Amino acid sequence: MSSLHRMRQAWTPQEGEKDPARAAEAPRRSPRKAPPGFTTRHRARTGWFFASPALLVVAAVTVFPVVFSLVLSFFEVRLEYGGLRLGSPTLAHYEALLTHSEWYRALLFTLGFTIVSVFVELVLGTLVALVLERLGAARGWILALLLLPWALINVVAAQLWSYLFNGTYGAVSWLCEQVLGTRPDILGEPVPAMAAMVAVDVWKTTPFVAIVVLAGLMLIPADVYEAAEIDGADAWTTFWKVTLPQLRPVVAIAVLFRILQAFGIFDLPFVLTQGGPGTATQSVAMLGYRILFQNLDFGGGAAVAVTTAAMVLGCCLLFLRVFRTHVDEEGRS
């Protein structure tokens, strides 16, 4: 037997033995994994467990007051020595609210204030954002200056402007006297008081809209503008056909937030005019405050709060539905 034949027999595995080369080439078995459903359920339970403290806090500060106000609005409420006592169910609070002229005046002022202020803030905020987008190193400093009015507490800002609008020593009244020849009582007349309140809200909240729109502008791809430039579109056409459609989701968020804030306006009229002259600048929130805390009509105040919340919720849902429908139609086209 030749030496080559002996070497082949030595390296050939015998019966029942495993070939080392084939054993090395054989794929290793992966460890046993848990079923996908089990992993998903486990992660969901873990997430709910860690989120439960925050959810309890939200329920305590948000859900409970809403439910409690809803209950108060449908019952006769008596203030006794031991606290509030609920009587029989009734719809008298809503009937009195819907037949009271002061409610409609407050609602009309709140709607007008919301529409005008949000529209002006949206236009000015978009213009400011377009200017900031084209700035270089100075953008950070200007953004810091813009944030100053927005960072002020509403009560502080309202008190500051009340000094400026004062008919005796106010700077705005003095400036009107220099230009018009007369010193108007801005906060003492209905129309000037409404205009002053809108001006203060625009001064304070336009930076918020500008920052939101600026964030949307920074997210628009540069190749979109390059394609519009190649097609020969001018600046105005580019804004209406390219920039504005890209900004619609961001603008929708800004408008939604501003509607929620403007419709619940309380601090500006409370500090600037106390709802006056008369009830010309009394918002819905101020009306609810007076009914609840001054007249101690807890059921009536709760009815104002519930009605206002229902209207705001309905307007927001309608706005989102219209916006979603418009976006879907554009996507299909």
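# Notebook: Arg258 and its surroundings

**Entry 1. Arg258.** I began with Arg258, which has its place in helix α11. The model I am reading is a predicted one. I asked whether Arg258 is buried or exposed. Its relative accessible area is 3%, so I record Arg258 as buried, the limit being under 20%. I then listed what Arg258 touches, not counting residues up to four places away in sequence. The list reads Val118, Glu121, Asp201, Thr205, Phe208 and Val209.

**Entry 2. Salt bridges of Arg258.** Two of the residues touched by Arg258 are acidic, and I looked up each pair in turn. Side chains of opposite charge can pair when their charged atoms come close. The side chain of Arg258 meets that of Glu121 in a salt bridge, at 2.7 Å from N to O. This pair links distant parts of the chain, for Arg258 lies in helix α11 and Glu121 in helix α5 (residues 101-133), 137 residues apart. I noted Glu121 as buried, as is Arg258.

The side chains of Arg258 and Asp201 also meet in a salt bridge, here at 2.8 Å from N to O. Again distant parts of the chain are linked: Asp201 is in helix α9 and Arg258 in helix α11, 57 residues apart. Both Asp201 and Arg258 are buried. Through shared partners, the salt bridges join Glu121, Asp201 and Arg258 into one network.

**Entry 3. Another salt bridge.** I counted four salt bridges by the rule applied here. One of them pairs Arg183 with Glu177, whose closest N and O atoms are 2.8 Å apart. I checked the accessibility of each partner. Arg183 has a relative accessible area of 32% and is therefore partly exposed. Glu177 is likewise partly exposed, with a relative accessible area of 29%.

**Entry 4. The chain as a whole.** I next recorded the overall figures. The chain holds 14 helices and two strands. It has 333 residues, of which 30% count as buried. I computed an accessible surface of about 22,100 Å², and 68% of this belongs to carbon and sulfur atoms. Among contacts between residues at least 6 apart in sequence, 62% join residues at least 24 apart.

**Entry 5. Nonpolar cores.** Which residues have the most contacts inside the largest nonpolar core? I found Phe113, Phe165, Leu217 and Leu272, in a core of 33 residues. Helices α5, α7, α9, α11 and α12 each supply at least two residues of this core. The most comes from α9, which gives eleven residues. For Phe165 I listed the neighbours, not counting residues up to four places away in sequence: Phe165 touches Val172, Ser173, Ile186, Leu187, Ala196 and Val200. I also noted a second, separate core of twelve residues, which includes Leu256, Ile291, Val304 and Cys316.

**Entry 6. Helix α7, the buried side.** I asked where around the axis of α7 its buried residues lie. The buried residues of α7 are Ala157, Ala158, Trp161 and Ser162. They cover an arc of only 140 degrees around the axis, and therefore sit on the same side of α7. An α-helix has 3.6 residues a turn, so residues three or four places apart point the same way. I then followed the packing of these buried residues, and found them against α8 (171-180), α9 and α12 (267-272).

**Entry 7. The nonpolar surface patch.** I turned to the surface and recorded a nonpolar patch of about 490 Å². The patch is made by Leu152, Ile153, Val155, Val156, Leu160 and Trp203. Helix α7 (residues 154-164) gives the most to this patch, with three residues. Trp203 has its place in helix α9 (residues 190-218). Its relative accessibility is 30%, so I entered Trp203 as partly exposed.

**Entry 8. Phe239.** I closed with another residue of helix α11 (residues 235-263), namely Phe239. Phe239 counts as buried because its relative accessibility is 19%, and the limit is under 20%. Leaving aside neighbours within four places in sequence, Phe239 is in contact with Thr126, Leu130, Leu244 and Pro245. I looked up the separation from one of these, Leu130. Phe239 and Leu130 are 109 residues apart along the chain, and their C-alpha atoms are separated by 9.9 Å.

How values were computed:
Residues numbered from 1 in each chain as written. Predicted model: local features only at pLDDT ≥ 70, side-chain atom pairs only at ≥ 80, totals over all residues. Heavy atoms only, no water. Helix = DSSP H or I, 4+ residues; strand = E, 2+ residues; numbered from the N terminus. Buried < 20%, exposed > 50% of the residue type's maximum accessible area, 1.4 Å probe, protein only. Contact = heavy atoms within 4.5 Å. Patch = residues over 30% accessible without salt bridge, like charges linked within 9 Å, V, L, I, M, F, W, Y side chains within 5 Å. Areas by Shrake-Rupley, 256 points an atom, 1.4 Å probe, with all protein chains shown as cover. Arc of directions from axis to C-beta. Core = buried A, V, L, I, M, F, W, Y, C linked by side-chain atoms within 4.5 Å.
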